[in-house]
Amino acid sequence: MVNHLHKYSVRPELFAAATTGEDVGKLTVNVTAETNNQPIEGASVRVTYNGDPNRVIEETTTNEEGQIPDIELDAPPIDYSMEPGANKPYAEYTIYISAPGYETLEVSGAEIFSGELAIQNAALLPISPTDPTGAELYVIPDHTLWGDYPPKIAEDEIKPVDESGEIVLSRVVIPEYVVVHDGPPSDTSAQNYYVKYKDYIKNVASSEIYSTWPESTIQANILAIQSFTLNRVFTEW
């Protein structure tokens, strides 16, 4: 599903583990206003573990840049993400974000990998006069390498390109936006979303591959994702 969840990403940068020797990951949160994209200072950020939602692990506030200090969180061993197995390779946390004059935002299922920094961008909506208690909830689904999802719809690898003028582009170009159909191609009632190309590539990558993988592996997968996406854009399939 396409929504604010696609702002969630992971960055393939390693940092030194805690001196205790336990596996930990890091989380940072960037809070802005939905209306003008300006950072929100003094927003409250609270983090709980999905397995124990009543225990607050960390609570802090954003600075003038709308950011919080990196938070260290427990994570499964990095080996879990290096090959298929019975152990989930990431821990899931819930992030609660609130600020005066804005709707409360809850993000459930933020994925924390050992040795990685997870970045959660949060755009808060102003409180509506008609609904002063309004709140937003976003649930991040299981990673596609872990969750149980239906198989990909079969399709031809090479799409027919008619010469009747249907193809607008004369060459392959990097678009500013891509249109994402939130449902099967046959579902005409499903909504279309305009997503920035960079955000789309980033979010497909973070939901289809693990940030713990070697950098060359990540690069190869991102190149494949871009090739697939640009083929869709060019052929308008």
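**Salt bridges, strands and cores**

Biologist: What is the relative accessibility of Asp142?
Modeller: Asp142 counts as partly exposed. Buried means under 20% relative accessible area and exposed over 50%, with partly exposed in between (1.4 Å probe, protein chains only). For Asp142 the value is 32%.

Biologist: What kind of model is this?
Modeller: Residues are numbered from 1 along each chain as its sequence is written, and side-chain values use heavy atoms, with hydrogens and water left out. Local features need pLDDT of at least 70, side-chain atom pairs count only at pLDDT 80 or more, and totals for chains, interfaces and linings use all residues; the model is predicted.

Biologist: Which residue forms a salt bridge with Asp142?
Modeller: A salt bridge puts a side-chain nitrogen of Lys or Arg within 4 Å of a carboxyl oxygen of Asp or Glu. Here the closest N and O atoms are 4.0 Å apart. The partner of Asp142 is Lys88.

Biologist: How many residues apart in sequence are the parts that this pair ties together?
Modeller: Helices (H or I, at least four residues) and strands (E, at least two) are DSSP runs, numbered from the N terminus. Lys88 sits in the loop between E5 and E6, and Asp142 in the loop between strand E9 (135-139) and E10. The pair therefore joins parts whose separation in sequence is 54 residues.

Biologist: Which residue is linked with Lys88 and Asp142 in a network of salt bridges?
Modeller: Lys88 is partly exposed at 25% relative accessibility. Its side chain meets another partner at 3.1 Å, N to O. That partner is buried, with a relative accessible area of 16%. The third residue of the network is Glu92.

Biologist: About how many helical turns separate Lys202 and Asp199?
Modeller: These two form a salt bridge, with the closest N and O atoms 3.7 Å apart. Both lie in helix H1 (residues 197-208). They are three residues apart, so the separation is about one helical turn.

Biologist: Which strand pairs with E2 in the parallel sense?
Modeller: Two strands pair if DSSP finds at least two bridges between them. E2 pairs with strand E5 (residues 71-74) in the antiparallel sense over four bridges, and Lys26 stands opposite Glu72 there. The parallel pairing runs over eight bridges, and Val31 has Ala122 as its bridge partner in it. The parallel partner is strand E8.

Biologist: How many of the 10 residues of strand E2 are buried?
Modeller: E2 covers residues 24-33. The rest of the structure largely encloses this strand. The buried count is eight.

Biologist: How many residues are in the largest nonpolar core?
Modeller: A nonpolar core is a set of buried Ala, Val, Leu, Ile, Met, Phe, Trp, Tyr and Cys residues joined through side-chain atoms within 4.5 Å. Leu27, Val29, Val31, Ile95 and Ile97 touch the most other members. E2, E3, E5, strand E6 (91-98), strand E7 (104-112) and E8 each supply at least two residues. The core's total is 26.

Biologist: How many residues are in the other core?
Modeller: This core lies apart from the largest one. Among its members are Val178, Val195, Ile209 and Ile225. Its size is 11 residues.

Biologist: Which residue other than glycine has a phi near 65°?
Modeller: Most residues other than glycine have a negative phi. The residue in question has a positive one and lies in the loop between E2 and strand E3 (44-49). With a relative accessible area of 57%, this residue is exposed. The residue is Asn37.
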